[in-house]
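Student: Got a minute to walk through this one with me? I want the fold first, then the details.
Tutor: Sure, let's take a look.

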Amino acid sequence: MPKLIRLYIVNVAIGFGIAAVFVGLLLWFNIANLWHLISTSDKGWLAVLILWISNGIIFAGVQFGIAVMRLKDDDDDDHHGGLGQHAFRREHATIPVRTDEGGRDFWSKG
């Protein structure tokens, strides 16, 4: 199996595991009276399933994003970040402009 596919599957599993713990803690601490709503409803298991899957998608995406951002390419050992060597330096250049000697002054009237 390619490394990237394995990385994705492992991090998605970790994300869904974190989501299971999160939903379990929501129910355990009865946040927003959630445990009472689920335990008294005949479709409470469906609500828990939807809550787990929706949080699992979010946590899996975040977990995989973190894992991808932590990947390091071994070829970039010389670079320590930043583009300081490419700092913008303003260099002024003189531009020749032809003027008419016989013309009137801009500020004079008439």
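Tutor: One cut-off first: a residue counts as buried when its relative accessible area is under 20%. By that rule, 13% of the 110 residues of the chain are buried. Keep in mind that this is a predicted model.

Student: What does the secondary structure come to?
Tutor: Three helices and zero strands. From the N terminus on, the order is α-α-α. H1 covers residues 3-28 and H2 covers 34-40. H3 takes residues 44-69.

Student: Contacts between residues at least 6 apart in sequence: what share joins residues at least 24 apart?
Tutor: That share is 73%.

Student: How far apart are the end C-alpha atoms of H3?
Tutor: They are 37 Å apart. H3 has 26 residues, so at 1.5 Å a residue the expected span is 38 Å, and the two values agree. H1 passes the check too: its 26 residues should span 38 Å, and its end C-alpha atoms are 37 Å apart.

Student: Which residues of H1 are buried?
Tutor: Asn11, Val12, Gly15, Ala19, Val23, Leu26 and Leu27. They pack against H2 and H3.

Student: And which ones in H3?
Tutor: Gly44, Asn55, Gly56, Ala60, Phe64 and Ala67. Their cover includes H1 and H2.

Student: Asn55 catches my eye. Why does Asn55 count as buried?
Tutor: Its relative accessibility is 16%, and the cut-off is under 20%, so Asn55 counts as buried. Asn55 is found in H3.

Student: What does Asn55 touch?
Tutor: Leave out residues up to four places away in sequence, and Asn55 touches Ala19, Phe22 and Val23. Ala19 and Val23 are among the buried residues of H1.

Student: Now H2. Is Ile38 buried or exposed?
Tutor: Ile38 is buried, at 12% relative accessibility. Ile38 sits in helix H2. Beyond its neighbours within four places in sequence, Ile38 contacts Leu27, Gly44, Ala47 and Val48.

Student: How far is Ile38 from Leu27 in space?
Tutor: C-alpha to C-alpha, 8.7 Å. In sequence, Ile38 and Leu27 are eleven residues apart. Leu27 is one of the buried residues of H1.

Student: Switching to rings. How many aromatic pairs are there?
Tutor: The count comes to three. One of them is Tyr8 with Phe64, an edge-to-face pair with 5.0 Å centre to centre and 90 degrees between the planes. That pair links distant parts of the chain: Tyr8 is in H1, Phe64 in H3, and 56 residues separate them.

Student: How accessible is Tyr8?
Tutor: Tyr8 is partly exposed, at 44% relative accessibility. Phe64, by contrast, is among the buried residues of H3.

Student: Give me another pair.
Tutor: Phe22 and Phe59. That pair is edge-to-face as well, with 5.5 Å centre to centre and 85 degrees between the planes. Phe22 lies in H1 and Phe59 in H3, so the pair ties together parts that are 37 residues apart in sequence. Phe22 is partly exposed at 34% relative accessibility. Phe59 is partly exposed too, at 25%.

Student: Okay, surface. How much is accessible, and what share belongs to carbon and sulfur atoms?
Tutor: The accessible surface is about 10,100 Å². Carbon and sulfur atoms hold 63% of it.

Student: Which residues make the nonpolar surface patch?
Tutor: Trp45, Leu46, Leu49, Ile50, Trp52, Ile53 and Ile57, with about 660 Å² in the patch. Trp52 belongs to H3. Its relative accessible area is 30%, so Trp52 counts as partly exposed.

Student: Last topic, backbone. Where is phi positive outside glycine?
Tutor: Ala32 is one of the cases, with phi near 55 degrees. Asn33 is another, at about 55 degrees. Ala32 is in the loop between H1 and H2, and Asn33 lies in that loop too. Asn30 follows H1 and has a positive phi as well, near 55 degrees.

Student: Are Ala32 and Asn33 buried or exposed?
Tutor: Ala32 is exposed, at 69% relative accessibility. Asn33 is partly exposed, at 39%.

Methods: Residues numbered from 1 in each chain as written. Predicted model: local features only at pLDDT ≥ 70, side-chain atom pairs only at ≥ 80, totals over all residues. Heavy atoms only, no water. Helix = DSSP H or I, 4+ residues; strand = E, 2+ residues; numbered from the N terminus. Expected span 1.5 Å × (residues − 1). Buried < 20%, exposed > 50% of the residue type's maximum accessible area, 1.4 Å probe, protein only. Contact = heavy atoms within 4.5 Å. Areas by Shrake-Rupley, 256 points an atom, 1.4 Å probe, with all protein chains shown as cover. Patch = residues over 30% accessible without salt bridge, like charges linked within 9 Å, V, L, I, M, F, W, Y side chains within 5 Å. Salt bridge = Lys/Arg side-chain N within 4 Å of Asp/Glu carboxyl O. Phe/Tyr/Trp six-rings, centres within 6.5 Å; stacked < 30°, edge-to-face > 60°.
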